[in-house]
Amino acid sequence: MTQTTPANRYPAAPLWRAVDDYFSDALVGEDAALVAARDSGASTTMPNAEVAANQGALLGMLVQIAGARRVLEFGTLAGYSTIWFARAVGETGRVVTFELEEQNAAVARENLTRAGVADRVDVVVGPASDSAQQLIDSGAEPFDFVFIDADKPSNPAYLAAALELTRPGAVIVIDNVVRDGAVADPDSDDPRVQGVRQVVADIAADPRLEATALQTVGVKGWDGVIVLRRK
Ligand code: DHB
Ligand code: MG
C-alpha cells in the first residue's frame, strides 16, 4: 500500500515545505547539535515526530517572552524541542522532560550533551502520568511553561497534571491538535483525536484558563497547537 504523506495527500504540500525551508534557512539557523538531534529522531520509537526548526524557534521564543525559568515537557523522544527549551531558559534555568522509553531517553541525553545543555535538563523515564504525580507529591517548585507533546489520548491527564505543577501566569502549549483536520470530527474513532477534543472541552470549562489554537502547515504536514495561559 502506498503510504499517505502530506506530499501526496495535499497538492500544496511541496510548497509548504519550500516555505518552511525558506524561513528556517533565513531566520532560524539550526546549529550542528540541533541538526544531529533532528537526524537522530529517526532512531526513536516514533521516528521524525520532533517539531520543525521554525516551530522549535517559536517555542524557545515563547519561553523567553514568558520569562520562564522552569520548563516541563511531556514527550522527549530525541530531545530536539528539549534543546530549544534548555537554551531558552539559559544557564540558570531548568527543564524537566518526561520520556516513556529508555531507548529514546538515551538518544536524548546524548543530544543534550552534544548541545552543551545536559546539566540543566532532567530526562525522567517512565509513564509521564506517574512521573508527573511524583513531582506533584514531592512538592516540586512550580513550572512557568509546559509543552504537552506525548501520547495524545493522555492529553487531558497531562493538562490536569500541568495545572497541579504551575501557577497563574504559566503558559502551556499542546502539540498536534489538528491532525490533518480530523479534530473537527466529533465522531472520530481515533483515540488521539478524542484526546485532543477532550482536552479542548476541559480547557473551555476551566475558568482559570484562557486559550487559543492555530492550524499550521509545513514540513510536518497539516497540524496545529493550542496555546493556553493560566489567568
Ligand atoms: C505524532 C506525534 C507528535 O508529537 C508529532 O509531532 C507528530 C505526530 C503522532 O502521534 O503521530
Ligand atoms: Mg508533537
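In the predicted model, the buried residues of helix α6 pack against four elements, namely α3 (32–40), α5 (80–89), β2 (94–99) and β3 (121–125). The residues of α6 that are buried are Asn104, Ala105, Val107, Ala108, Asn111 and Leu112. These residues lie on the same side of α6, because they cover an arc of only 160° around the axis. A general property of helices bears on this arrangement: an α-helix has 3.6 residues a turn, so residues three or four places apart point the same way. The face of α6 turned away from the buried side carries Glu110 and Thr113, which are exposed.

The length of α6 was also examined. The helix comprises 13 residues, from 102 to 114, and at 1.5 Å a residue these should span 18 Å. The C-alpha atoms at the two ends of α6 are 18 Å apart, and the expected span therefore agrees with the model. Just after α6, Gly116 adopts a positive phi of about 80°.

Two of the elements against which α6 packs, α3 and α5, also pack against each other. Two packed helices are described by the angle between their axes and the distance between the axes. For α3 and α5, the angle is about 150° and the axes are 8 Å apart. Because angles over 145 degrees count as roughly antiparallel, α3 is roughly antiparallel to α5. On the α3 side, the contact is made by Ala33, Leu34, Ala37 and Arg38; on the α5 side, Tyr80, Ile83, Trp84 and Arg87 take part. By class, the residues of this contact divide into 6 nonpolar and 2 charged, with no polar residue.

Helix α5 also contains Ser81. The relative accessible area of Ser81 is 6%; since buried means under 20%, Ser81 is buried. When neighbours within four places in sequence are left aside, Ser81 is in contact with Val51, Leu59, Glu73 and Phe147.

A contrasting position is that of Ala184, which lies in the loop between β5 (166–175) and α9 (191–204). With a relative accessible area of 61%, Ala184 is exposed, because the exposed class begins over 50%. Ala184 and Arg197 are separated by 13 residues in sequence, and their C-alpha atoms are 8.5 Å apart in space.

Note on methods. Residues numbered from 1 in each chain as written. Chains lettered and ligands numbered in written order. Predicted model: local features only at pLDDT ≥ 70, side-chain atom pairs only at ≥ 80, totals over all residues. Heavy atoms only, no water. Expected span 1.5 Å × (residues − 1). Buried < 20%, exposed > 50% of the residue type's maximum accessible area, 1.4 Å probe, protein only. Arc of directions from axis to C-beta. Contact = heavy atoms within 4.5 Å. Axes fitted to C-alpha atoms, helices over the stretch in contact; angles between N-to-C directions. Parallel < 35°, antiparallel > 145°, perpendicular 65-115°, else oblique. Nonpolar A, V, L, I, M, F, W, Y, C, P; charged D, E, K, R; others polar.
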